[in-house]
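Got your viewer open? Set it to cartoon view and get ready to click along.

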Amino acid sequence: MSNTPDTNGGLSRRGFNLLAGAGAMLGLAGAASARPQGGNCRGSGTTPGGGFDGNGVSLPSSPFTYVPFTREMPKPPVKAPCAIIDPTNPSQSGNWPWQPGNCHHGVAPEYFNQPSDWQAGPLKLYEMDQKDGVHEIIPGVQTPIRGYDGIYPGPTFRSRMCEPMVLRVKNSLNTQTSVHLHGAHNPAHCDGYPNFYVSPGQQRDYYYPNICPRKPDGSGQWDTTESPSTMWYHDHGMDLTAENVVMGMAGFHIFTDALEEQLVADNVLPGGDQDLPIVLQDRRLRSDGTIFFDALDHNGYLGDIMVVNGAAQPFLRVQRRKYRFRFLDGANARFFLLRLTWGNFTQIGNDSWLLPQAIETNELLLSPAKRCDVIVDFTNAPNEVYLVNILKQDSGRGPGGTTANPQRLNPGVPMLKFIVEGPVVGNDATVVPGTPLRPHHAIAASEITTTREFLFHRSNGAWMINGKFFDEFRADATPTLGSAERWILKNGGGGWWHPVHIHLESHQIVKLNGQAPAPSLRYKSDVAMLGPNDTAEVHMRFRTFTGPFVFHCHNLEHEDMRMMFVFDPRTTPTQAPQPIQSYYP
Ligand SMILES: [Cu+2]
């Protein structure tokens, strides 16, 4: 593994970004053969007015019509390993299709230095190619995409505690990429650090140990309160994230462990076909079917077509029983306020983690990158139920209103139609509001050793934290491994919303604007949503892995325009920002 940084021939990073964006668009023009389609519901997915850019200029509407709710909701395929290996069994040596690390960008040093209890289960090897593809967001309209394995959304990974995996990612695109597994506790080498690239034509081995942190009591035991459930992966390439994600580079990664498997085995939580990951996004198309993306719009991408698992306004057939829906806001800049036209949600998870107990709610507010894991009980439902977005948002600035009182649309935009069929299914899952799920251990104020403040603000049409732009070679915080810190995350104002994502560790939101946050936000999060003028106080612990890692606004246009900082956990206390570890290329 060499340690030479990738360079872009002397171009500035931003210059490179713009060139790459323009090149990609030119490359796409002419590839599409779509024509506007007939139908009776032009703009059915659009927000009123079709949306505006950050300067108040009306965006071009997608010039297609279609009949919504005529197409079944796609379910991304589950990714299968190319080999399952027991490394301690010499008779399996012939099963290796390739040796981890034997590729251009190598594998994390941690792979060669695993504690024995990281390998309680077999090692799974996966291969995935990042490549161009064609996808029908609207039926009959061929839209060029960039996809993991060439599909949109990408394949769903399912992994299990202490069953490590190495994912060999190939890059057949003509742009740099970096894969981030959002919500995971993984080594820095494979966390999708913005310039730890998979270069075009090359491969990188992402080693996911699939562990959770150990307990802070020194016992060495796993802290299973931190074991995740619903993660997702997406591109995190420096300056290119927004474009790569809007072109299709995102998918689910579902994690389980003994505790969650028991909840399913005991019929507390629905499993199998009643457990569905659902990604909500928005897209805007040009007349040739290509995805509209303006690389010069730094305010936030808004589409006028509501897309669910890659399809515009689909339907889903459900039985009269409980379902687990893992909702992800996978949009670049669009927030969602979700309601059902009948019944409530029973929320069981926030971001990556199950809640300590199920919570009933009639609305779910999601920012980009947030997940809400919910149960919907269709037992007594009418034959048709709709999932509706009732949030008013006309620009990348964010929705109207505040986090406490977001501006609502009436009647809102239906995203997904549930067709409820058949008789009541007996012996259904037993989860109800109040059902205990995954225990939670709060980080006490007395454990905090350091307090840091971060102001997220606008400057010269771009985005800063504490008066600085992102610099991948500068550590902005160097916490000590094993310690707990308090981070104050402040929105610098101007009506902008900034959903702040911190990599590596869960954070515990202890105060939002001086008050206890809403019940579902009181436990573990990986995105702290900052509405206009919001201040969040979060506690977090730094464990297992030295850096560098990033935290950033997950409005992807803000992230690309530099609203990102580096934190670099060290084994010994230091204030020194240099050197940060590097794993190039
Ligand atoms: Cu932002």
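What follows is a walk across one sheet, strand by strand, in a predicted model.

Start with the whole sheet. Four strands make it up, in the order 4-9-8-6, and the sheet is open with mixed pairing. Strand 4 (157–160) and strand 6 (179–182) sit at the edges; each has a single partner strand, so one side of each is left without a neighbour in the sheet. Now tilt the view: on average, neighbouring strands here are turned by 25° against each other, direction ignored.

Next, select strand 4 and strand 9 together. These two run in the parallel sense, paired over four bridges. Want a spot to zoom in on? Pick Phe157, and you'll find His253 of strand 9 standing opposite.

Stay on strand 9, residues 250–256, for a moment. Is this strand mostly covered or mostly uncovered? Mostly covered: five of its seven residues are buried.

Move one step over and add strand 8 to your selection. Strand 8 and strand 9 pair in the antiparallel sense, this time over five bridges. To see one matched position, show Thr230 and look across to Ile254 in strand 9.

Last stop: keep strand 8 (residues 230–235) and bring in strand 6. Their pairing is antiparallel too, over four bridges. Which residue of strand 8 is the bridge partner of Leu181? Click on Tyr233, and you have the answer.

If you'd like to display the contacts behind all this, turn on backbone hydrogen bonds: strands of a sheet pair through them, either parallel or antiparallel.

Notes. Residues are numbered from 1 along each chain as its sequence is written. This is a predicted model: local features need pLDDT of at least 70, side-chain atom pairs count only at pLDDT 80 or more; totals for chains, interfaces and linings use all residues. Two strands pair if DSSP finds at least two bridges between them. Axes are lines fitted to C-alpha atoms, for helices over the stretch in contact, and angles run from 0 to 180 degrees between N-to-C directions. A residue is buried if 20 or more other C-beta atoms lie within 10 Å of its own, exposed if 12 or fewer, and partly exposed in between; C-beta atoms are placed from the backbone.
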